[in-house]
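This report is meant for someone meeting the structure for the first time. It begins with the chain as a whole and then turns to its strands and to several single residues.

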Amino acid sequence: MLTLSLSAQIPCESGFASIWPCDHVDLWRFVPLAEIGGSTATNDIWGWTHQGTGREFALVCKRDGLAFVEITDPGDPTYLGSLPTESTESTWRDVKVFNNYAFVVSEADDHGMQVFDLLQLLDIVGLPVTFVPDVVYDGFSDAHNIVINEESGYAYGVGTDTFGGGLHIVDISDPLNPFAAGSYEESGYTHDAQVVNY
């Protein structure tokens with residue numbers, strides 16, 4: 001396990017920032033898994049910026065849940081807490097954001113899609129916090145990935161246990177009341193997607 005802890009910006013020089021390969025991206029801080037609630041591995045990361053304050057947050061997908069890290073000061077990130085998995089650990093977890101809500105899926109059986117109000121991160125007392133989802137959509141058991149079309153207000157579970165692994169479409173225009181809106185299974189299993197209006 002790598003235990004290097006960095007507290008100052010390290011520029012990308014000659015293809016490396018410290019020990020990590022880079023390409024025109026400087027390293028602000030390395031944070032070990034032990035400092036964000038622990039876990040055996042991560043697989044994905046997403047971000048959220050609160051529009052009113054400009055505060056920035058990293059949403060880190062871990063085997064056992066989702067970690068929230070405030071990165072408003074990139075040289076001094078703060079671990080806020082975690083949203084545990086809905087069922088069991090899994091190598092694959094994914095998160096996307098829509099209208100200040102995080103939508104979390106996993107390949108773990110019986111996980112569904114967790115919906116979490118990110119505004120909870122703004123006024124936390126007593127760090128770290130173990131969060132609970134505001135809602136869990138159970139129209140599918142598991143999903144490899146989630147795609148959101150922010151213009152239309154639809155989420156697409158892909159690689160789910162429904163519709164042959166094709167698109168499982170969920171209306172999230174009211175994030176706390178998600179409901180099944182359709183499907184597309186004609187192309188079979190879908191691993192990932194980008195959904196746009198044109």
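## The chain as a whole

In this predicted model, 43% of the 198 residues of the chain count as buried. The C-alpha trace spans about 50 × 40 × 35 Å along its principal axes, and the radius of gyration is 18 Å, which agrees with the value near 16 Å that a compact globule of 198 residues would have. Among the contacts in the chain with a separation of 6 or more, 43% are accounted for by residues that stand 24 or more positions apart.

The area that the chain exposes comes to about 10,100 Å², and carbon and sulfur atoms supply 51% of it. As for charge, there are 6 positive and 29 negative side chains, and the centres of these two sets lie 8 Å apart.

## Strands and the five-stranded sheet

The secondary structure of the chain consists of zero helices and 15 strands. Five of the strands form an open sheet with mixed pairing, in the order E3-E4-E5-E6-E10. Strand E3, residues 42-49, and strand E10, residues 129-130, are the edge strands of this sheet, each of them pairing on one side only.

Within the sheet, strand E4, which covers residues 56-62, pairs with strand E5, which covers residues 65-70, in the antiparallel sense and over six bridges. Alanine 58 stands opposite valine 69 of E5.

## Isoleucine 45 and its contacts

Isoleucine 45 lies in strand E3, one of the two edge strands. Which residues does isoleucine 45 contact, leaving aside its neighbours within four places in sequence? They are Ala58, Leu59 and Val60. For alanine 58, the separation from isoleucine 45 is 13 residues along the chain, while the C-alpha atoms of the two are separated by 6.9 Å.

## Backbone features to look for

Most residues other than glycine have a negative phi, and most peptide bonds are trans. Against that background, two serines and one proline can be picked out in this chain.

Serine 14, found in the segment before strand E1 (16-17), has a positive phi near 55° although serine 14 is not a glycine. Its relative accessibility is 79%, so serine 14 counts as exposed. Serine 39 lies in the loop between strand E2 (20-21) and E3, and its phi is likewise positive, near 160°. With a relative accessible area of 25%, serine 39 is partly exposed.

The peptide bond that joins leucine 127 and proline 128 is cis, with an omega of about -10°. Proline 128 has its place in the loop between strand E9 (113-117) and E10, and strand E10 is itself an edge strand of the open sheet.

## Threonine 190, after strand E15

Threonine 190 lies in the segment after strand E15 (179-184). Is threonine 190 buried or exposed? Its relative accessibility is 16%, and because buried means under 20%, threonine 190 counts as buried.

Not counting residues up to four places away in sequence, threonine 190 touches Val158 and Gly159, as well as Gly165, Gly166 and Leu167.

How values were computed. Residues numbered from 1 in each chain as written. Predicted model: local features only at pLDDT ≥ 70, side-chain atom pairs only at ≥ 80, totals over all residues. Heavy atoms only, no water. Pairing = 2+ DSSP bridges. Helix = DSSP H or I, 4+ residues; strand = E, 2+ residues; numbered from the N terminus. Rg over C-alpha atoms; globule rule 2.2 N^0.38 Å. Buried < 20%, exposed > 50% of the residue type's maximum accessible area, 1.4 Å probe, protein only. Contact = heavy atoms within 4.5 Å. Areas by Shrake-Rupley, 256 points an atom, 1.4 Å probe, with all protein chains shown as cover. Lys, Arg positive; Asp, Glu negative; His and termini not counted. Charge placed at Lys NZ, Arg CZ, Asp CG, Glu CD.
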